[in-house]
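Trainee: Could you please take me slowly through a single part of this structure? I would like to see how the pieces there fit together.

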Amino acid sequence: PQGIGSPSVYHAVIVIFLEFFAWGLLTAPTLVVLHETFPKHTFLMNGLIQGVKGLLSFLSAPLIGALSDVWGRKSFLLLTVFFTCAPIPLMKISPWWYFAVISVSGVFAVTFSVVFAYVADITQEHERSMAYGLVSATFAASLVTSPAIGAYLGRAYGDSLVVVLATAIALLDICFILVAVPESLPEKMRPASWGAPISWEQADPFASLKKVGQDSIVLLICITVFLSYLPEAGQYSSFFLYLRQIMGFSSESVAAFIAVLGILSIIAQTIVLSLLMRSIGNKNTILLGLGFQILQLAWYGFGSEPWMMWAAGAVAAMSSITFPAVSALVSRTADADQQGVVQGMITGIRGLCNGLGPALYGFIFYIFHVELNELPMPESPSGGSAVAQSHLQQNSIIPGPPFLFGACSVLLALLVALFIPEHTNLNVRSSNWKKHCGSHGHPHSPQAPGEAKEPLLQDTNV
């Protein structure tokens, strides 16, 4: 068999680390090239590029996942990593082609989906959450270190060296998949599937979203995720550009900000999250995370000094507990045989937000004329630039309008989340009720959606 050793989680971890380490190196050069290429509508074009990429990823992810079930994971790991990293060398060759290929590469920018399928093939169900956590932690670790390294090398030796190094790491990742990664999908599962057609339901990106309204609790959770993750996706796409061009951060300051935020987020999602889940419960943890997110976005929106961005960044790390807490609530609320369906809905909504959020933020920046008409001047000793400071004086009332819109969106998410019941034992009760009805032939076993209280009443009587 091709590859080194038997399939393992460590193969997937190395693939993820190398891909995102290569892109992390380009954080500072990308911000400079973006502004030089689109000097008049920087934020709008950034939003459109990232928005097109996100929407294409959302539309193609189910199809690529279904094809990998037939043709194996290794070939699609190679395909997704190759096309995701293809724009890297174009940064210095032709910036216009670089951004065009980034947009189109969204069709194959679904490495995480294939990696999670790879991990699912080789792990038992009780090991899977730990394995997924390791993959996510590796992704975070690559982004903690690489932007700082890229900024230092760019300042010392120029951005061309950084692009060459990132290209070399991407090629190393491709070679690693070709040589070292073994196929995880068992051979006996594939030949029978070669002639099997892929149904539209498997490839339909909206298939999971169509099931959202079938359960009131799931509907509330999905609305909460949409309203809270839409501004988060937009923020990720534009915030480092905002720090660099509007707040006057240097490349090193942006890299340090990413590193500190990443480390604090890892601590928040491990130690702090487990403490909160035990002490105040699942639902209250979600509400607390949404509260931190509102505070963070409002601070970003009204902040006009670099220290305010650093303080809001610390709050942003605490707001990162929301999605893990939502995932835990979903896993407790849904029946055992519905876990994949409900988690798929949440993932589908996040994928949709990855396309809509950046475009929305870019459009709001454009409406409020948050642009720079010239390149930043050399940084002052305090870390700001004269252009950034004069720009903030012109827009001193609302320096960051999209972040305030995001705060309003998350406030609505908080209000919706208040109506989500805790239901820590709903899964157990529901399954017990089904067993009870199955053994006694209760006439109400095909329960209608409006009879939500029936299982609980039956359980209480039993």
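**A cysteine, and a helix pair**

Mentor: In this predicted model, Cys175 is partly exposed, with a relative accessible area of 44%, a value that falls between the 20% below which a residue counts as buried and the 50% above which one counts as exposed. Cys85, by contrast, is buried, its relative accessible area being 5%, and the structure as a whole holds zero disulfides.

Cys85 also leads us to the part I would like you to look at closely, since this residue of helix H4 is among those that meet helix H9. Helix H4 covers residues 73–85, helix H9 covers residues 159–179, and the two pack at an angle of about 170 degrees with their axes 10 Å apart. Because angles over 145 degrees count as roughly antiparallel, H4 and H9 are roughly antiparallel to each other.

If you now follow the contact itself, you will find that H4 contributes Lys74, Leu77, Leu78, Val81, Phe82 and Cys85, while H9 contributes Ala170, Asp173, Ile174, Ile177 and Leu178. Sorted by class, the residues of this contact are nine nonpolar and two charged, with no polar ones.

For comparison, turn to helix H12 (residues 251–279) and helix H14 (residues 306–319), which pack at an angle of about 30 degrees with their axes 7 Å apart. That angle makes H12 roughly parallel to H14, and the contact of these two helices has 13 nonpolar, three polar and no charged residues. Their crossing is right-handed.

Definitions and conventions
Residues are numbered from 1 along each chain as its sequence is written. This is a predicted model: local features need pLDDT of at least 70, side-chain atom pairs count only at pLDDT 80 or more; totals for chains, interfaces and linings use all residues. Side-chain values use heavy atoms; hydrogens and water are left out. Axes are lines fitted to C-alpha atoms, for helices over the stretch in contact, and angles run from 0 to 180 degrees between N-to-C directions. Helices (H or I, at least four residues) and strands (E, at least two) are DSSP runs, numbered from the N terminus. Angles under 35 degrees count as roughly parallel, over 145 as roughly antiparallel, 65 to 115 as roughly perpendicular and the rest as oblique. Contact means heavy atoms within 4.5 Å. Ala, Val, Leu, Ile, Met, Phe, Trp, Tyr, Cys and Pro count as nonpolar, Asp, Glu, Lys and Arg as charged, and the others, Gly among them, as polar. A disulfide is a pair of cysteine sulfur atoms within 2.5 Å. Buried means under 20% relative accessible area, exposed over 50%, partly exposed in between (1.4 Å probe, protein chains only). A crossing is left-handed if the near helix is turned anticlockwise from the far one by less than a right angle, and right-handed if clockwise.
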